[in-house]
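User: I would like a close look at a single part of this protein, with its surroundings described carefully enough that I can follow them on screen.

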Amino acid sequence: RYSRQMKTGKDTNMLFIGVDLGTSAVKLLLMDENGKIKKTVSREYPLYFPHPGWSEQKPEDWYIQSMDGLKELLKDEKKEEVAGISFGGQMHGLVLLDENDEVIRPALLWNDGRTYEECDYLNNVIGKDKLSEYTANISFTGFTAPKILWVKNKEPENFARIKKIMLPKDYLAYRLSGVHCTDVSDASGMLLFDVKNRTWSKEMCEICSVKPEWLAKVYESYEVVGTLKKEVAEELGIPAAAKVIAGAGDNAAAAVGTGTVGDGRCNISLGTSGTIFISSRKFGVDKNNALHSFDHADGTYHLMGCMLSAASCNKWWMDEILKTKEYAKEQEGIDKLGENHVFFLPYLMGERSPHNNPNARGTFTGITMDTTREDMTQAVLEGVAFALRDSLEVAKSLGIPITRTKICGGGAKSPLWCKMIANILNLKVDKIESEEGPALGAAMLAAVGCGVYGSVEEIAEKMVKVVDTIEPDPSIAAKYDEKYAQFKQIYPALKPVFDVIK
């Protein structure tokens with residue numbers, strides 16, 4: 001019914017809320033049925049670092065700031081038209097509830113590094129092959145399962161009180177709906193989930209001493225988990241019949257917002273960190289687990305490569321080394337693409353994909369007496385693009401056909417960088433109209449959950465607009481192929497060095 005109304009161009013009267021529960025703030029977005037963004041609101045909350053390498057937040061802060069932000073979002077809007085709310089959120093965080101559904105301790109976040117001993121146990125005692133067989137992934141310090149083992153080992157009194165294990169956005173969904181739920185994409189990043197079969201892994205639960213009843217019911221990202229609790233609906237002034245939709249992990253939600261759904265779709269995010277996100281109808285795992293293999297919010301699968309330093313490499317080079325804020329000016333003299341003799345490894349904070357090596361470091365290689373300032377700047381930009389290609393090559397080795405990519409994030413504002421990425425990865429690069437990230441993807445999932453659209457692919461097709469495409473130049477792409485062959489040899493050669501210069 002609603003779909004027909006939209007296609008005939010008549011006024012419609014359903015509103016959808018997308019909630020992006022980030023690490024520093026919650027971003028809330030209000031969207032109508034046609035994809036028009038009516039308003040956005042942000043609310044910050046503190047991060048706590050009780051020890052070096054630890055990173056925590058209080059789940060109550062998420063709820064308080066989300067409720068406050070929702071009231072601001074809906075101020076002066078037709079609250080009675082709100083039909084659904086959904087979520088995107090920081091992944092991997094550990095929220096523990098006791099028998100009264102009270103939070104046991106502050107949440108351990110995705111960027112918390114305390115679990116190196118537990119990761120070592122999972123990867124090397126249990127074994128990476130078994131982890132990959134059970135979950136399609138291996139252990140990283142940020143994942144949820146090693147955090148659970150850490151609580152068991154270091155805080156046994158807290159472990160003994162556990163009655164529910166939740167992820168950050170799912171805690172918010174629980175506070176709004178009263179339902180203990182999660183979705184397939186976010187659950188994929190816990191290392192407790194059988195990604196191929198979209199269900200909890202009995203083997204991993206046993207390994208981590210997790211009782212099955214501690215885990216939430218799993219939904220597809222666009223499925224309805226319930227409706228608002230009466231008291232929450234009254235406090236916000238919206239209908240108690242408003243649906244709560246499961247939502248997705250932040251990267252999967254952002255992929256929905258950029259239209260990276262269906263088979264062989266790709267999105268590159270050039271933010272502080274960098275991601276290459278590839279959607280696929282088929283389940284796949286590369287032999288070295290170089291990429292994360294997760295379930296996607298559209299009901300299919302995705303592969304994701306995460307590099308820890310992307311646009312932050314250029315920020316470091318400009319701010320700390322060149323001491324300038326004139327980013328665009330520094331790129332003006334760079335015009336010989338594919339001919340640079342300087343290479344840069346962008347591993348300023350170690351690296352995740354595809355090397356999974358916290359000891360990796362940034363390096364310049366190939367500097368000579370005639371190396372210029374422009375050559376060095378060019379090498380930094382190219383190094384990030386070459387590292388993204390590393391992950392792309394892994395995905396292509398699994399037979400996923402990729403010919404073009406969307407691009408978003410702060411680094412995507414540089415026309416030169418976009419041109420480099422088009423030629424180094426030999427892909428058409430599409431820039432899109434709206435860059436609202438996970439909050440928009442969450443609102444879109446809410447619209448699907450409320451039946452306004454038949455599928456995630458359908459809403460993405462309607463709402464995501466490409467405004468510019470950068471095509472690779474065959475002659476430049478050929479030069480970059482040769483340069484990439486050289487770049488690929490630098491990390492393996494230096495890996496033994498990184499192990500001794502910690």
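Which elements do the buried residues of α4 pack against?

Analyst: This is a predicted model, in which local features need pLDDT (the predictor's confidence in each residue, from 0 to 100) of at least 70 and side-chain atom pairs count only at pLDDT 80 or more, while totals for chains, interfaces and linings use all residues. Residues are numbered from 1 along each chain as its sequence is written, and side-chain values use heavy atoms, with hydrogens and water left out.

The mean pLDDT of the protein chain is 94, and 97% of its residues reach 70 or more. Over residues 1-10, however, pLDDT stays under 50, and where pLDDT is low, the predicted coordinates should not be read in detail.

Helix α4 spans residues 144-154; helices (H or I, at least four residues) and strands (E, at least two) are DSSP runs, numbered from the N terminus. Eight of the 11 residues of α4 are buried, where buried means under 20% relative accessible area, exposed over 50% and partly exposed in between, with a 1.4 Å probe and protein chains only. The buried residues are Thr144, Ala145, Pro146, Lys147, Ile148, Leu149, Trp150 and Val151. They pack against the strands β6 (95-97), β7 (107-108) and β8 (164-166), and against the helices α3 (116-135), α5 (156-159) and α8 (202-207); contact means heavy atoms within 4.5 Å.

Some of these neighbours lead on to other features. Ile165 and Met166 are among the residues that line the largest cavity, together with Leu167, Asp170, Thr182, Met190, Trp200, Leu215 and Ala216. On a 1 Å grid over the protein atoms alone, a cavity is a set of points where a 1.4 Å probe fits but cannot get out, and lining residues have an atom within 4 Å of a point. About 40 Å³ of space lies in this cavity, a volume being the space filled by probe spheres set on the points, which are joined across faces, edges and corners. The structure holds one cavity of 30 Å³ or more.

Ile165 also appears in the largest nonpolar core, of 73 residues, where Ile165, Phe16, Met31, Leu192, Met204 and Met444 have the most contacts inside it. A nonpolar core is a set of buried Ala, Val, Leu, Ile, Met, Phe, Trp, Tyr and Cys residues joined through side-chain atoms within 4.5 Å. Helix α15 (residues 437-449) gives the most to this core, with eight residues.

Terms used
1 Å grid on protein atoms, 1.4 Å probe; cavity = no way out; pocket = protein on both sides within 12 Å on 5 of 7 lines; lining within 4 Å.
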